[in-house]
Protein chains: 2
Amino acid sequence: MEAITIKDIAKALNLSTSTVSRALRNSYEINPETKKLVMEYAERMNYRPNPIALSLKDSKSKSIGVIIPEIANHFFSQLINGIESIAYNLGYHVVIFQSHDSYEREVANTNYLVSRKVDGLLVSLASLTTDLFHFQDLMERGLPIVFLDRVPKEIETHKVVADNFAGAYEATKHLIQSGRKRIAHLTSPIYLSNTTERLAGYKQALEDHQLPFDESYVKYCHYGGKIVSENEAAIQEMLSLPEPPDAIFTASDKLTTGCMAVLQQKKIRIPDEIAIVGFTNIGVADLLNPPLTAVVQPAMDMGQQAVELLIRLIEHPQKNAEFEIRSLKTSLIIRQSSGHS
Amino acid sequence: MEAITIKDIAKALNLSTSTVSRALRNSYEINPETKKLVMEYAERMNYRPNPIALSLKDSKSKSIGVIIPEIANHFFSQLINGIESIAYNLGYHVVIFQSHDSYEREVANTNYLVSRKVDGLLVSLASLTTDLFHFQDLMERGLPIVFLDRVPKEIETHKVVADNFAGAYEATKHLIQSGRKRIAHLTSPIYLSNTTERLAGYKQALEDHQLPFDESYVKYCHYGGKIVSENEAAIQEMLSLPEPPDAIFTASDKLTTGCMAVLQQKKIRIPDEIAIVGFTNIGVADLLNPPLTAVVQPAMDMGQQAVELLIRLIEHPQKNAEFEIRSLKTSLIIRQSSGHS
DNA sequence: ATCGTTATCGGGAACGTTGCCAGTTGACAG
DNA sequence: CTGTCAACTGGCAACGTTCCCGATAACGAT
């Protein structure tokens, strides 16, 4: 606990704290000998500057906050790995918070991170967030924020997303080309950017292939598949339609596995009766029964690009800012669940 | 950015900072009217004490550090959820770091967290950590640490683990009772507490059922299944034995899925040719092909108990300390991969 | 009138660091 | 011998907060 401070060094070497400080910072106006003396002593005593004191002084912390819905999700944990790999190399620390898709938690986490003087924020919106004031306010006050994956339309800043439209289009098209006619879409709340983009891709693919769009084939699950009963109800509703779907395109990790679980439990054969394509980064897709056809997002890459943009924003405060929206390609990995022959 | 401070309040209300400070803290020696004035003004201006300043002053931060091997792992993310749920309620913040099973990273993270003045540490050891000085040193300097899951024998403090011996015993016994005779064990480096305990349970089960223990049936994967080729090599070695195993008991998430992937790729039928039981908390065990028999750890509970112990340690510095080792029961969930009829 | 008490408040130091402003030397030109 | 200028170093304030110590006034009690 008794960490050594600059003051201790000053006392031991009979110097002033300022001198020590400048010596350690290798200032030109310090006698090389003194410098050497200080540096060696500091080294020997294993001196580490106190980041808290520095933060207090400079209102900077060399750390960035990450707010994501949850970490128990392959997409987000890969995202984090991407973020960390870059941030680490650039000398930034990463502080992770989960919103658990709750608006209140997101706000609380945001406030805490700000009071902790993070230099910037990386955010993927909670599914239940509709009011964006807490972020808008911060941005106006000059805090750099970069959004990724689930991004708000209303805020102007750098954003990194997957090409959801193309991914959904490709997935739907794949199902169509595999012979499916009645393709359902199980997705998240409509006010997520993801949802509308994927929905649009899905619709466009239907249209381009002369299939009708039927609103009753689209189900929005507010809790993103985390509440089983909601899933189950949504799927049950679709199955009870006069013409039940012969394929389901699911829009997230949890929705996909949740859907598979429900079908399995109902003894509905995949893909014979219903084919599935999931928008998911789940790691064991090819170990599933049946192996899952998936639209995979370049999560790691997304994380990396997002930090890069953020750190650029932090270190070169906006030259009143052209903001970028980077849209990264997804890849469709075809396995058996889509019934592709 | 221009957060309001106690000084601002003092100036605005024509008081001294000390008075404001005490008013906010509801000190008895402040005139109730003054108090009201201050509190209302603070409320109106949305005053929040600066945690950095507090940390500097008290060398306390009301936050705890968590160092785990990796987040992209169901066991650990559940652990985190358990930790957060309790810590949050007790007014502590949780700062998560991944060691990625690297000793250097573990040390770096530890140092950073300590310099950031976390009030305590929750640690699950990196698989490549053998030198424990960085933790021992901290403990001697009075920093509360609680280990969980992967714990060191050499350090005396609270520990929370799963009952690895019993879990492994039960898994092995289950395989034996399902008619398997040549049960292999795919596991992590031997210097992890987990590994030895699970190995012991495995051995004991063999012995109790009059099966010979054969060292060539035990493979230690240093990278815990994260490096596919290592997995593959280990499994290949076992398959090339004169008497290849008819069952494999795998000791972790990644080892389990890795093993299944290799068998699948080699077109070895599970469980017909080789049965599998995995020590894993993977969420989609029943969606796998075949559904996976698993020894599940009460990860959430483990996390919760560990924080409780840690916070107790933080808030009631050791009454020279009876240290607890809590061992929580695992549960064997039987599915098809073990070939149970 | 003097003193102790109580109630209420302000001053200043401290946490660790940096940066500005001032010294204090010594050398050297004038 | 003085003035100037480097070269080097020290003092101090500041970041936001708390806490110890006093200070002030009112008010009985002595």
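Me: In this predicted model, which backbone atom lies 2.9 Å from a phosphate oxygen of DNA strand C?

Reply: A polar contact is a pair of N or O atoms within 3.5 Å; within protein, one must be able to donate a hydrogen and the other to accept it, and residues adjacent in sequence count only if both atoms are side-chain atoms. Here a polar backbone atom of B:Asn31 lies 2.9 Å from a phosphate oxygen of DNA strand C. A backbone N or O atom of B:Ser16 is 2.8 Å from a phosphate oxygen of that strand.

Me: Which side chain is 3.1 Å from a base nitrogen of DNA strand C?

Reply: That side chain belongs to B:Arg22, through an N or O atom.

Me: How many residues surround DNA strand C?

Reply: A residue is near a strand if one of its heavy atoms lies within 4 Å of it. For DNA strand C there are 26, with A:Ile6 and A:Tyr47 among the closest. Sugar and phosphate make up 57% of the strand's atoms within 4 Å of the protein.

Me: Which atoms of A:Thr19 and B:Ile6 approach DNA strand D?

Reply: In A:Thr19, a polar side-chain atom is 2.4 Å from a phosphate oxygen. In B:Ile6, a backbone N or O atom is 2.5 Å from a phosphate oxygen.

Me: What conventions apply to the model?

Reply: Residues are numbered from 1 along each chain as its sequence is written, and chains are lettered from A and ligands numbered from 1 in written order. Local features need pLDDT of at least 70, side-chain atom pairs count only at pLDDT 80 or more, totals for chains, interfaces and linings use all residues, and side-chain values use heavy atoms, leaving out hydrogens and water.
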